[in-house]
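The following exercises ask the reader to work through a protein model step by step. Each task sentence is followed by a worked solution.

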Amino acid sequence: MADTPSLPSHAGAVVIGGGVMGCSTLYHLAKLGVRDAVLLERNKLTSGTTWHSAAQVRALRSSRNLTRLIQYSIGLYAELEQETGQATGWINKGSLSIATNPDRLVHIRRQEALAHSFGVPAEFISAGQAGELWPLMRLDDVLGAVWSPVDGRVNPSDLCAALAKGARARGARTFEDTPVTGIQVKGGKVVGVETAGGTIRCDAVALCTGLWSRAGAAMAGVSAPVWPCEHFYLLTKPVAGAEHHLPTLSDHDGHLYIRDESQGLLVGCFEPRGKPLDPAGLGEDFAFQLLPEDWEHFEPMMLNALHRLPVLETAEVRMLLNGPESFTSDGSFLLGESAETRGFFLGCGMNSVGVATGGGAGMALAHCMVEGHTPYDLHEADPKRFHPAESGVEALAARAPEVLGKHYEIAYPGRQMTSARGLRDTPLHARWAAEKARFGQVYAWERPLYFGAGPEAKGTFGRPAWFEQVGREVMQAHEAAAVFDLSTFGKILVEGPDAEAFLDRVCANDMTRAPGRAIYSAMLNQRGGFESDLTVLRLDEQRYRLSVGSSAVGRDLAWLRRQLRDGERVTFSDETEALAVLALMGPAAPELARSLGADALDDLGYFRHAPAEVAGVPVHAVRLSYVGEAGWELTCRAEDAERLYDALASAGARPAGLYAQTAMRIEKRFLSMGHDLDGDVSPIEAGLAFAVRWESDFIGRDALEARRQAGPKLRMATIVLDDPEAVPLGHEPVYLDGAVIGQTTSAAFGYRIGRPVALGYLEAEAAREGQAVTVDIARTLFPARVTMKPAYDPSGARMRPVNSTERV
Ligand SMILES: Cc1cc2nc3c(=O)[nH]c(=O)nc-3n(C[C@H](O)[C@H](O)[C@H](O)COP(=O)(O)OP(=O)(O)OC[C@H]3O[C@@H](n4cnc5c(N)ncnc54)[C@H](O)[C@@H]3O)c2cc1C
């Protein structure tokens, strides 16, 4: 029962949308003590997508913290009835993922390994054992399965009823039939929510409007790349063998998920390409409604289902349910504060795991609204990770059906989306295309992964088709001179009379160094964890240029702006598109530069920068290296980039792509934000305390000091595998004496050392020089050795000019 419709004039927080995300967020806001929180639902609770969800809850996700959210959901769904008296329909029957081809077998065994390192019970079982758990399943093509006993399912409407009841019991209020028609924003901050029944003043809004979220976000000036697709499941009348609850069965190769439902079967699908849907076409009054059956679209999956479950031949079909569900451009949901508007939080775009994730995601969103940050790092869900170009209607309508299709595809390393490409080209795009670049997409940019690409090869978990080519690019940088295009890195100009004081507070390193110095630094959160890691060039007394990760610029700009104090005279500009950056790296770089009239570069010390000219092109050069070879990063105006590159190429430099750069940075133990660094990790665990100036009063200092005093539980280690044929990809568990002692964060083949090499966090006692460990790649344990230094050129001699002792 909802409240009587008399809206308050003020609320501590307003949640928009009464699906599982909205109900869970409201419940957790109330639990965190926000007693006057309200939820506004335009129709009835659950009436959007939630009511018809298949509502399976499977714990394992691609990262530890996304998995933690679902582990939290499982605990909550099991306990909520006891607290509220309202059942959630939680049924814990486990889940089963089968493999019917060798690559899928590797895929599910990798997932099993991942589950072990996240503490999720998972066990590989034979086809025969899988058949005992699912007697209706055809087995003759099944190679094996992974059994996950903790998984289950819930009744989505009952779950929301329990969450809403729990929230109301703590003083929160829900209003049905109350559409939000506008968001009031003043000075970049939310100040109110408009409805036909009046305006509610508030400074925190959670947008949980499911597939309507792109339009909802636009009301607050926020771009949200959310778009719906049709999503199908078949329901049968009762069939023999489904009288009792069964585990959820996933036949990913057949694009199917299957479970019992009311003594019949529920057969759902993630078909290779979904059907997009324009949310505007659904209408305001789309409530408890479904979309038309589409048997033609479902037919290939129906054939797969008939193959897997012969009993379907004779089963009577109840309906082919077709409901809308929202997807985002990269397949992960949106959770957190928007980049554009303070106090406007997103909790949407659930990519068909909204019920499984909803409990934990609502908890994390409420935490974020109350505490200012999520309870643990959730960068995969940070709404600031997208460039606005990704939220265009055309791009989304093309991308959403591909994302739906990728849901059950084998996650081969390096797989790329094929839709919504070409949104942002670097100034050298035409040159890279002429060099037959294979492009990858990041933050809407097209970035060369490697060059000389032939027709796209089939994915593999073994050595990829580009293995030799990337090796050639690495050797070009190692033995001669290569050019890496770093133009996609975010470039933020921070200027003003207070720029030095501001940056010295926001960055952990010493920002008071003289102009001409390059400075590597962390930006930390109040908990001492990484908000960003960046290279800073002090251009003059009042101007600094910050170089940040390609997809970090929106997030970092928002963070910087939010740290600004009243009256502080500092401005920020995003220079990313105006400037191109080419890294000229390799032992032949000095001679090559001299041949182009850039003799002055020779005199530039390590971590020093200065203006220069290369072949008559004005550049700003900095001597440092992300790949561990001698050279400079050359920044020029975007319109000069082709002229600069052509000169470098004519003098003998060859292009090298992102894969070569990544392999080289891992060999050199250069850590990367989003892979090896995140909001939970501090410079202490990462081994980057050398770039902390303890004497200054930077953000996160006290927490960092406490971490230093306590000593790290985990430490970043370099892990060199013995077997040159092993192919670690990152996220593999690391074992010592039969127990998991850590996990890799990045991995690649180290071409300069001739071995696969990984970076990863290990328990501090095991993170020591020479420690023998094993790395679990799809449940095969590969012997490896730990070093606490870079695997290649530990002294760094190759990238510094002779006799350099510069600090970073
Ligand atoms: C067929 C199908 C099967 C699925 N199976 C599973 C599964 O097995 N496991 C799983 O985890 N997930 C599954 N999902 C996905 C899951 O159901 C969704 O991710 C989840 O329900 C989304 O919840 P939500 O709260 O984000 O959105 P919704 O439930 O759509 O809620 C959004 C609400 O916002 C309201 N609203 C919109 N605009 C406004 C406005 N301006 N003012 C006020 N209110 C507004 C809407 O009326 C709606 O009630 C499935 C989805 C489908 C379609």
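Two strands pair if DSSP finds at least two bridges between them. The model shown here is predicted.

**Exercise 1. Determine which strands pair with strand S16, and whether S16 is buried or exposed.**

Solution.

Step 1. Strand S15 (residues 256-261) is joined to S16 by six bridges, in the antiparallel sense. Within this pairing, Leu256 has Cys269 of S16 as its bridge partner.

Step 2. The hairpin of S15 and S16 has two residues between the strands, and Ser262 there takes a positive phi near 50°.

Step 3. Strand S13 (residues 226-236) also pairs with S16 in the antiparallel sense, over three bridges. Here Leu234 stands opposite Val267 of S16.

Step 4. S16 spans residues 264-269, and six of its six residues are buried, so the strand is largely enclosed by the rest of the structure. One residue of the strand, Cys269, has 0% relative accessibility and counts as buried.

**Exercise 2. Establish how many disulfides the structure contains, and explain why Cys160 is in none.**

Solution.

Step 1. A disulfide is a covalent bond between the sulfur atoms of two cysteines. The cut-off applied is a pair of cysteine sulfur atoms within 2.5 Å.

Step 2. For Cys160, the closest cysteine sulfur belongs to Cys23 and lies 4.2 Å away, which is too far for a bond. Cys160 is buried, at 1% relative accessibility.

Step 3. A search of the whole structure gives a total of zero disulfides. Cys269 is accordingly in no disulfide, and its nearest cysteine sulfur, that of Cys229, is 11 Å away.

**Exercise 3. Describe the open sheet that contains strand S25, giving its strand order and its edge strands.**

Solution.

Step 1. The sheet is open and has five strands, in the order S26-S27-S28-S25-S29, with antiparallel pairing.

Step 2. Strand S26 (518-524) and strand S29 (571-574) are the edge strands, each pairing on one side only.

Step 3. On average, neighbouring strands of this sheet are turned by 30° against each other, direction ignored.

Step 4. For one pair in detail, S25 (residues 490-495) and S29 are antiparallel and share four bridges. Glu495 has Thr571 in S29 as its bridge partner.

**Exercise 4. State how many cavities of 30 Å³ or more are found, and characterise the largest and the second largest cavity.**

Solution.

Step 1. The search of the whole structure finds four cavities of 30 Å³ or more.

Step 2. The largest cavity holds about 140 Å³ of space. Its lining includes Leu486, Phe489, Lys491, Arg545 and Glu633. Strand S27 (530-540), strand S28 (543-548) and strand S33 (631-637) are the elements that give two or more residues to this lining. By class, the lining has six nonpolar, three polar and three charged residues.

Step 3. The second largest cavity holds about 80 Å³. Among its lining residues are Arg447, Pro448, Leu486, Phe489 and Gln661. At least two lining residues come from each of strand S23 (445-450), strand S24 (482-485) and helix H16 (658-667). The lining divides into six nonpolar, three polar and two charged residues.

Step 4. Comparing the two lists, Leu486 and Phe489 appear in both linings.

**Exercise 5. Identify which residues lie nearest the centre of the second largest pocket, and which element gives the most to its lining.**

Solution.

Step 1. The second largest pocket has about 850 Å³ of space. Of its 34 lining residues, Glu337, Cys368, Gly372, His373 and Trp559 lie nearest the centre.

Step 2. The elements giving two or more residues to the lining are strand S10 (189-195), strand S19 (334-337), helix H8 (354-371) and helix H13 (553-563). H13 gives the most, with five residues.

Step 3. The lining comprises eleven nonpolar, ten polar and 13 charged residues.

**Exercise 6. Locate Phe288 and His731, and state the phi value of each.**

Solution.

Step 1. Phe288 has a positive phi near 50°, although the residue is not glycine. Phe288 belongs to the loop between strand S17 (275-276) and helix H7 (295-308). Its relative accessibility of 40% makes Phe288 partly exposed.

Step 2. His731, likewise not glycine, has a positive phi near 75°. His731 is placed in the loop between strand S35 (714-721) and strand S36 (733-736). At 39% relative accessibility, His731 counts as partly exposed.

Key: Residues numbered from 1 in each chain as written. Predicted model: local features only at pLDDT ≥ 70, side-chain atom pairs only at ≥ 80, totals over all residues. Heavy atoms only, no water. Buried < 20%, exposed > 50% of the residue type's maximum accessible area, 1.4 Å probe, protein only. Axes fitted to C-alpha atoms, helices over the stretch in contact; angles between N-to-C directions. 1 Å grid on protein atoms, 1.4 Å probe; cavity = no way out; pocket = protein on both sides within 12 Å on 5 of 7 lines; lining within 4 Å. Points joined across faces, edges and corners; volume = space filled by probe spheres on them. Nonpolar A, V, L, I, M, F, W, Y, C, P; charged D, E, K, R; others polar.
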